[in-house]
There are 2 protein chains.
Amino acid sequence: MKLFGYWRSSATYRVRIALALKGLDYDYEPVNLLKGEQKGSAYLTRNPTGLVPTLETDDGDFITQSLAIIGYLEDSHPAPTILPDEPVARAHALSIAMSIACEAQPFMNLRMQKYLKTERNFNDIAMTDWLNRWSGGAMAAVEKIVTQTGGDYCIGDTPSLADCCLVPQMFGALRFGIDVSAMLRLNAIYERCQKHPAFEKAHPDHQPDAVQQ
Amino acid sequence: MKLFGYWRSSATYRVRIALALKGLDYDYEPVNLLKGEQKGSAYLTRNPTGLVPTLETDDGDFITQSLAIIGYLEDSHPAPTILPDEPVARAHALSIAMSIACEAQPFMNLRMQKYLKTERNFNDIAMTDWLNRWSGGAMAAVEKIVTQTGGDYCIGDTPSLADCCLVPQMFGALRFGIDVSAMLRLNAIYERCQKHPAFEKAHPDHQPDAVQQ
């Protein structure tokens, strides 16, 4: 398998965590978002949406969207699973993943921030307000869910799909100055994940296209 | 089972289509978004995120997020499935669903439009530009995917999870004046779905809380 992605892309990071938790080997081909490579013809033939990540399967099929890629990995390599066995717990894991992917991340990503700054004249105060309201608000909702479902991780005491989404979201939130200080459960899980070898392997700073700041 | 939702909520509409395609009976309890009932204490005990829909299972568990609810329905009532059997086709169905849920719908929903109008002073021109750029742009990407994967429906000739997401997105796009005229495949699938009994049953206008315009 080959993963096309970008070191600091939240969605790529989710897939890297899932691959690492499942112990799967893969090739990695960086797509430099700052250079616009995701809009180049080579990449668009693999992924017509021009977004990262994309997974090329061993059979040469291309799969887009991080959660669809993770679903494919579960189908094609079911053991070890990163989904809880029990249907309601599994639904809760997916619900947390969706809350992050649909309510938090879309308002925080690079292209949205660039648009707000350049085309809507958002200054730093407006940008911080925007990020805290939308992405931060969604994360506060996830904190409430995890208070009901979590243990050491988002669902009980085992890393799952939910943690694959939470960790990149926390990473981005801290990077962009979103105030997550009141989200005690999410912070505790994030700190725990930092020490887990699969999450460590998947960390943006440990990717071949990482740039020293 | 009981579904808590709102007739014109895109996410609730997705779940209604899935329930109808699977032939499942359920009770329906309206949550009036215009009256803010989703932020009331009664609803928040069921869904701390304050969003619709929520599914109450036969065992009294509450599941949030439309795609997590549909995943639960697949797990708990696998036949008939609304996911393709083949893993790559299944991934493509999930990818289309995620493109709509993460890239198109978040920028079109009521609370975002209300915020842009009241707190960012978007006039009609700015609002139309916003909707076409973000939601419309994501739908144009879905059109490209469906050109590769679709037949009578988004994935081949059988309705799937992808169509559960496409139809509410098209309904909302047309309602809000997003220009989808160039998306020929999506329009054709949307028209076909309008004549399918499951999609007809799930239509907003056919819900008990529908309001005549």
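**Strand pairing**

I started with β1 of chain A, residues 2-5, and found that β1 pairs with β3 of chain A, residues 54-56, in the antiparallel sense over three bridges. I should keep in mind that this is a predicted model. Which residue stands opposite A:Leu3? I looked, and A:Leu55 in β3(A) faces A:Leu3.

Next I pulled up the whole sheet in chain A. Four strands make an open sheet, ordered β2-β1-β3-β4, and the pairing is mixed. Which strands sit at the edges? They are β2 (27-30) and β4 (62-64) of chain A, and each pairs on one side only. I also noted the twist, which averages 20 degrees from one strand to the next.

Then I checked what lies across the sheet. Helix α3 of chain A, residues 66-76, lies across β3 and β4 of chain A and runs at about 125 degrees to β4(A).

**Aromatic pairs**

How many aromatic pairs does the structure hold over all chains? I got 22. I picked two to look at.

The first was A:Tyr13 with A:Phe171. Their ring centres are 5.7 Å apart and the planes stand at 90 degrees, so I logged the pair as edge-to-face; the cut-off for that label is over 60 degrees. This pair links distant parts of the chain: A:Tyr13 is in helix α1 (residues 10-21) of chain A and A:Phe171 is in helix α7 (residues 161-175) of chain A, 158 residues apart. Buried or exposed, I asked myself, for A:Tyr13 and A:Phe171? Both are buried.

The second was A:Trp130 with A:Trp134. I have this aromatic pair down as tilted, with 6.2 Å centre to centre and 55 degrees between the planes. Both residues are in helix α6 (residues 124-149) of chain A; because they are four residues apart there, about one helical turn separates A:Trp130 from A:Trp134. I looked up their accessibility too, with buried meaning under 20% relative accessible area. A:Trp130 comes out at 0%, so A:Trp130 is buried. A:Trp134 has 10%, so A:Trp134 is buried as well.

**Across the two chains**

I followed those tryptophans outward and landed in one aromatic cluster: A:Phe107, A:Tyr115, A:Phe122, A:Trp130 and A:Trp134, together with B:Phe107, B:Tyr115, B:Phe122, B:Trp130 and B:Trp134.

Last lookup: where does the charged end of A:Arg120 sit? I found it over the ring of B:Phe122, 4.6 Å from the ring centre. Going the other way, B:Arg120 lies over the face of A:Phe122, at 4.6 Å from the ring centre.

Technical notes: Residues are numbered from 1 along each chain as its sequence is written. Chains are lettered from A and ligands numbered from 1 in the order in which they are written. This is a predicted model: local features need pLDDT of at least 70, side-chain atom pairs count only at pLDDT 80 or more; totals for chains, interfaces and linings use all residues. Side-chain values use heavy atoms; hydrogens and water are left out. Two strands pair if DSSP finds at least two bridges between them. Helices (H or I, at least four residues) and strands (E, at least two) are DSSP runs, numbered from the N terminus. Axes are lines fitted to C-alpha atoms, for helices over the stretch in contact, and angles run from 0 to 180 degrees between N-to-C directions. Contact means heavy atoms within 4.5 Å. Rings of Phe, Tyr and Trp (its six-membered ring) pair if their centres lie within 6.5 Å; planes under 30 degrees apart count as stacked, over 60 as edge-to-face and the rest as tilted. Buried means under 20% relative accessible area, exposed over 50%, partly exposed in between (1.4 Å probe, protein chains only). A charge sits over a ring if NZ of Lys or CZ of Arg is within 6 Å of the ring centre and within 35 degrees of the ring normal.
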